[in-house]
Amino acid sequence: TMLLADVRRAAPQLPIKSVEEAYGGSASAGGYELGQLAMHPAIVLVPYTKSTMSFFEMYAMRLPIFTPSLALLVKWELESHVLTERVYWAGAPSPLRTPETPNPNALKDRAAVSHWLRLADPYVFPHVQYFDSADDLAAKLRATDLRAVSAAMGRHLDARAPKAGAKWAAIMRALFEGRPPGSWPSDAHGD
């Protein structure tokens, strides 16, 4: 891909590979185990949509994540539609009831794209590293204290765990409290 080639030109000594080069297959079709990714000092993530489980998995592994800055991702999205799964149906009407909120399905509206992408996973989690160009990425890959970033990610996760656990416990109580085991409707038994 273009970013990878540009980073290699900017810093030929950096041992950077695509998922396809490192593990065969592709990022979208697997080709790697999460444990393999954990062996790397960091990962460069160019999102294909707003939220992915793989982002949370990599973050939970405390694997430093480098991703395009919001401004760069908006630019790439408007020029090349890099977020191939951001909008599934461009003709969809806006699901929003307030006209001042930009349409999340807009493809070429800079304000709308920026508004919604700033809410995407990489831009709401702390300690994600942002780059503005291939040269900037190369410089940050060389200069960033990856152990410190990983440790900061871990501290964030540790602080967040009790709150997340309490929220999930409340959800489970609301769904199941007072119900006998196995009473929740399910198609698991062909019912």
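## Contacts of Leu73

Two residues are in contact when heavy atoms of each lie within 4.5 Å. In this predicted model, Leu73 touches Pro47, Pro68, Val82, Leu83, Leu117 and Tyr123, with residues up to four places away in sequence not counted. Leu73 belongs to helix H5. One of its contacts, Leu83, is 10 residues away in sequence, and the two C-alpha atoms are 8.7 Å apart.

Leu73 has a relative accessible area of 1%. A residue counts as buried under 20%, so Leu73 is buried.

## Overall architecture

The chain contains 9 helices and 3 strands. Read from the N terminus, the order of elements is α-α-α-β-α-β-α-α-α-β-α-α.

Of the 191 residues in the chain, 35% are buried. Among contacts between residues at least 6 apart in sequence, 56% link residues at least 24 apart.

## Helix H5 and its surroundings

Helix H5 covers residues 70-80, and its buried residues are Leu72, Leu73, Val74, Trp76, Glu77 and Leu78. These buried residues pack against three other helices, H1 (2-10), H6 (110-117) and H7 (121-124), and against strands S2 (65-68) and S3 (129-131). After H5 comes His81, which has a positive phi near 50°.

## Nonpolar cores

In soluble globular proteins, nonpolar side chains tend to be buried together. The largest nonpolar core here has 24 residues, and the members that touch the most others are Leu3, Val7, Phe66, Phe131 and Leu137. H1, H5, H6 and H8 each give two or more residues to this core. H5 provides the largest share, 5 residues. A second core, separate from this one, has 15 residues, including Val19, Tyr59, Met153 and Leu157.

Which residues does Leu3 contact, leaving aside its neighbours within four places in sequence? They are Val44, Val46, Trp76, Phe131, Ala134 and Leu137. Two of these partners, Phe131 and Leu137, are themselves among the core members that touch the most others. Another, Trp76, is one of the buried residues of H5.

## The largest pocket

The largest pocket has a volume of about 1,500 Å³. Its lining consists of 45 residues, and those nearest the centre of the pocket are Ser18, Val19, Val44, Leu45 and Val46. Val19 is also a member of the second core, while Val44 and Val46 are contacts of Leu3.

Several elements supply at least two lining residues each: helices H1, H2 (19-23), H4 (53-60), H7 and H8 (134-143), together with strand S1 (43-44). The largest share, 5 residues, comes from H1. By residue class, the lining comprises 31 nonpolar, 9 polar and 5 charged residues.

## Arg62 and Ser150

Arg62 sits in the loop between H4 and S2. Its relative accessibility is 29%, which makes Arg62 partly exposed. The phi of Arg62 is positive, near 65°.

Ser150 is part of helix H9, residues 146-176. A polar atom of the Ser150 side chain lies 2.7 Å from the backbone oxygen of Arg62. Not counting residues up to four places away in sequence, Ser150 touches Arg62 and Pro64.

## Loops on either side of H7

Is Ala120, in the loop between H6 and H7, buried or exposed? Ala120 is buried, with a relative accessible area of 6%. The C-alpha atom of Ala120 lies 9.4 Å from that of Thr52, although the two residues are 68 apart along the chain.

His127 lies in the loop between H7 and S3. With a relative accessibility of 33%, His127 counts as partly exposed.

Most residues other than glycine have a negative phi. His127 has a positive value, near 75°. Arg62 also has a positive phi, as does His81.

How values were computed. Residues are numbered from 1 along each chain as its sequence is written. This is a predicted model: local features need pLDDT of at least 70, side-chain atom pairs count only at pLDDT 80 or more; totals for chains, interfaces and linings use all residues. Side-chain values use heavy atoms; hydrogens and water are left out. Buried means under 20% relative accessible area, exposed over 50%, partly exposed in between (1.4 Å probe, protein chains only). Helices (H or I, at least four residues) and strands (E, at least two) are DSSP runs, numbered from the N terminus. On a 1 Å grid over the protein atoms alone, a cavity is a set of points where a 1.4 Å probe fits but cannot get out, and a pocket is an open set with protein on both sides within 12 Å along at least five of seven lines; lining residues have an atom within 4 Å of a point. Grid points are joined across faces, edges and corners, and a volume is the space filled by probe spheres set on the points. Ala, Val, Leu, Ile, Met, Phe, Trp, Tyr, Cys and Pro count as nonpolar, Asp, Glu, Lys and Arg as charged, and the others, Gly among them, as polar. A polar contact is a pair of N or O atoms within 3.5 Å; within protein, one must be able to donate a hydrogen and the other to accept it, and residues adjacent in sequence count only if both atoms are side-chain atoms. A nonpolar core is a set of buried Ala, Val, Leu, Ile, Met, Phe, Trp, Tyr and Cys residues joined through side-chain atoms within 4.5 Å.
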